[in-house]
Amino acid sequence: MTTSASTPSPKGTARSLTWERRRTSVARFWRQYRSHRAGLYGLGALLLIAALALAAPLLVGGDVQNVTDAPGTALESPSSRFPLGTDQYGRPLLGLLLYGARISLAVGLMAAALSVAIGTLVGILAGHFGGWFATVVMRITDWFLVMPALVLAIVLATVLSQSVWTVVLAIGVTSWPTTARLVRAQTLAVESRPYIERAQALGGGHGHIMARHVLPNVMPLVLAQTTLLISSAILTEATLAFLGLGDPTVVSWGGMLQEARETGAVSSGHWWYLAPPGLAIAVVALAFTLCGRAVESVLNPKLGTSR
């Protein structure tokens, strides 16, 4: 007896059910997230800043970094022509601020993703295998924890060539230990559940257990940790750029502060050179923190984060 062509296969039915559960989970997450006003404010601010950064060529043109054909004179105060004033080369600070948002946001996102990826991998491996392997891995993690992350990032950024990827690498490889410890603790809790024993009894190997059972259960924690790490990564990138360890060929908010310091904007009273990038860093860091706290509260209601 043949099966009708219109009858869905069991595999197709299982796949559609999986996607339906995922859509339901996303919808439920969004409903709960919307109840956190602070998280909505943070998300709105991030979407606005990201939109302005993407639209920078349309808003301010594509040649704002040119120092030979700058439209203004050095260190002009804010005016109708230059709403945020100009830098020491006569370039409009508004254009530099919008283009700097691209680098600062990109570095923060990539560095946080690298840090969380390393921490998640280390945490799952240490929690799953245990024994002497976990002892060695966690002692290395403890060493990274007690060492100042900024100092290690400065060392790496000094030794390696100055580029955006160097900054991403320096931040990513120095800020993973906290994620590793959190993920390891969650992995131990997940692997103590009965269905893990059943999966092992049915022949599930290490890779199957970690990829199909442990990783999906630690992903909510990883997501919350990522949103919280992005703000820290942006601040670290700004610090490295302020110290002259960033990529000199690109514009970033930290680089703008470093140029303002070298110009003597602090002592000469050119506040418009310092305030915009400093406030932008503070606003983005606060927005990511608000989003992270809201995500953390939705994924773990026991925290009781205020709304």
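Tutor: A salt bridge is a side-chain nitrogen of Lys or Arg within 4 Å of a carboxyl oxygen of Asp or Glu. By this rule the count comes to six. The model is predicted: local features need pLDDT of at least 70, side-chain atom pairs count only at pLDDT 80 or more, and totals for chains, interfaces and linings use all residues. Residues are numbered from 1 along each chain as its sequence is written, and side-chain values use heavy atoms, with hydrogens and water left out.

Student: Let me start in α1. With which residue does Glu20 form a salt bridge?

Tutor: With Arg23; their closest N and O atoms are 2.8 Å apart. Both residues lie in helix α1, three residues apart, which is about one turn of the helix. Helices here are DSSP runs (H or I, at least four residues; strands are E, at least two), numbered from the N terminus.

Student: Is Glu20 buried or exposed?

Tutor: In between. Buried means under 20% relative accessible area, exposed over 50%, and partly exposed the range between (1.4 Å probe, protein chains only). Glu20 has 41%, so Glu20 is partly exposed.

Student: How do I read the Arg91 and Asp87 pair? Are these residues buried or exposed?

Tutor: Take the distance, then the accessibility. Arg91 forms a salt bridge with Asp87, with 2.8 Å between the closest N and O atoms. Arg91 counts as buried because its relative accessibility is 6%. Asp87 is at 0%, so Asp87 is buried too.

Student: Where do Asp142 and Arg139 lie?

Tutor: In helix α5 (residues 131-146), three residues apart, about one turn of the helix. Their side chains meet in a salt bridge, at 2.8 Å from N to O. Asp142 is partly exposed at 23%, and Arg139 is partly exposed at 47%.

Student: Which residues do salt bridges that share partners join into one network?

Tutor: Asp87, Arg91 and Glu259. Keep Glu259 in mind for the pockets; Glu259 is among the residues nearest the centre of the second largest one.

Student: Next, empty space. How many cavities of 30 Å³ or more does a search of the whole structure find?

Tutor: Rolling a probe the size of a water molecule over the atoms shows where empty space is left. On a 1 Å grid over the protein atoms alone, a cavity is a set of points where a 1.4 Å probe fits but cannot get out; a pocket is an open set with protein on both sides within 12 Å along at least five of seven lines; lining residues have an atom within 4 Å of a point. Points are joined across faces, edges and corners, and a volume is the space filled by probe spheres set on them. The search finds one cavity of that size. Its volume is about 40 Å³. The lining is Ala111, Ala112, Ser115, Ile171, Ser175, Leu229, Ser232 and Ala233. Elements giving two or more of these residues are α4 and α10.

Student: How many residues of each class line the largest cavity?

Tutor: Five nonpolar, three polar and no charged. Nonpolar covers Ala, Val, Leu, Ile, Met, Phe, Trp, Tyr, Cys and Pro; charged covers Asp, Glu, Lys and Arg; the others, Gly among them, are polar.

Student: Leu229 lines that cavity. Which residues does Thr179 touch?

Tutor: Leu229 is one of them; the others are Val116, Gly119, Thr120 and Gln225, not counting residues up to four places away in sequence. Contact means heavy atoms within 4.5 Å. Thr179 sits in helix α8 (residues 177-191). At a relative accessible area of 1%, Thr179 is buried.

Student: And the pockets? What volume has the largest pocket?

Tutor: About 660 Å³. Its lining has 14 residues, with Arg21, Arg22, Ser25, Pro216 and Pro220 nearest the centre. Two or more lining residues come from each of α1 (10-34), α10 (206-242) and α13 (271-299). The largest share, seven residues, is from α1. By class, seven are nonpolar, three polar and four charged.

Student: How many residues line the second largest pocket?

Tutor: It has 23, of which Asp247, Pro248, Val250, Gly255 and Glu259 lie nearest its centre. The volume is about 350 Å³. α4 (93-129), α7 (164-172), α10 and α11 (253-263) each supply at least two lining residues. The largest share, four residues, comes from α11. The classes are ten nonpolar, nine polar and four charged.

Student: Where is confidence lowest and where highest?

Tutor: pLDDT is the predictor's confidence in each residue, from 0 to 100. The protein averages 86, and 93% of the residues score at least 70. Among elements, α1 is lowest with a mean of 79, and helix α2 (residues 37-54) is highest at 93. Over residues 1-5, pLDDT stays under 50, and the model has zero contacts for them beyond four places in sequence. Where pLDDT is low, the predicted coordinates should not be read in detail.
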